[in-house]
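Good morning, colleagues. Please take a moment to look at the model on the screen, and then I shall walk through one residue and the sheet around it.

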Amino acid sequence: MIEADRKSALDAAIVRIMKAKKKLHYEQLKNQTIEAVSKHFQPGVPMIKSRIDGLVEQEYLRRDDNDMNVLHYEA
């Protein structure tokens, strides 16, 4: 239950950040996501990476054609 809530919170934070920025480097997105949810919980880097990968699969985000560490907002 808590795990699902945290995944949802991370997804929402990532989408919110990317909607505002449109394009970010993975490290910047990771740091901003940690900052965004830090009042609620401290997410692990693997959890953030898996949520980003999930959002890429769901086509909310896409990786840059030239640099796989750059993400673009799609939705």
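Where is the place of Asp-64? In this predicted model, Asp-64 sits in the loop that runs between strand 2, residues 61–63, and strand 3, residues 70–73.

Is Asp-64 buried or exposed? Its relative accessibility is 15%, and because the cut-off for buried is under 20%, Asp-64 counts as buried.

Let me turn to its surroundings. If we set aside the neighbours within four places in sequence, Asp-64 is in contact with Val-70 and His-72. With His-72 there is also a polar contact between the side chains, at 2.7 Å. His-72, in strand 3, stands opposite Lys-23. Between Lys-23 and Asp-64 the C-alpha to C-alpha distance is 9.1 Å, although 41 residues separate them in sequence.

Now to the sheet itself. Its three strands make an open sheet with antiparallel pairing, in the order 1-3-2. Strand 1, residues 23–25, and strand 2 are at the edges; each has a single partner strand, so one side of each is left without a neighbour in the sheet. On average, neighbouring strands are turned by 30 degrees against each other, direction ignored. The antiparallel pairing of strand 1 with strand 3 extends over three bridges.

Finally, the helices. Helix 2, residues 26–37, lies across strand 1 and strand 3, and it runs at about 95 degrees to strand 1. Helix 3, residues 45–57, lies across strand 2 and strand 3, at about 100 degrees to strand 2.

Thank you for your attention.

Conventions:
Residues numbered from 1 in each chain as written. Predicted model: local features only at pLDDT ≥ 70, side-chain atom pairs only at ≥ 80, totals over all residues. Heavy atoms only, no water. Helix = DSSP H or I, 4+ residues; strand = E, 2+ residues; numbered from the N terminus. Buried < 20%, exposed > 50% of the residue type's maximum accessible area, 1.4 Å probe, protein only. Contact = heavy atoms within 4.5 Å. Polar contact = N/O pair within 3.5 Å; in protein donor to acceptor, adjacent residues only side chain to side chain. Pairing = 2+ DSSP bridges. Axes fitted to C-alpha atoms, helices over the stretch in contact; angles between N-to-C directions.
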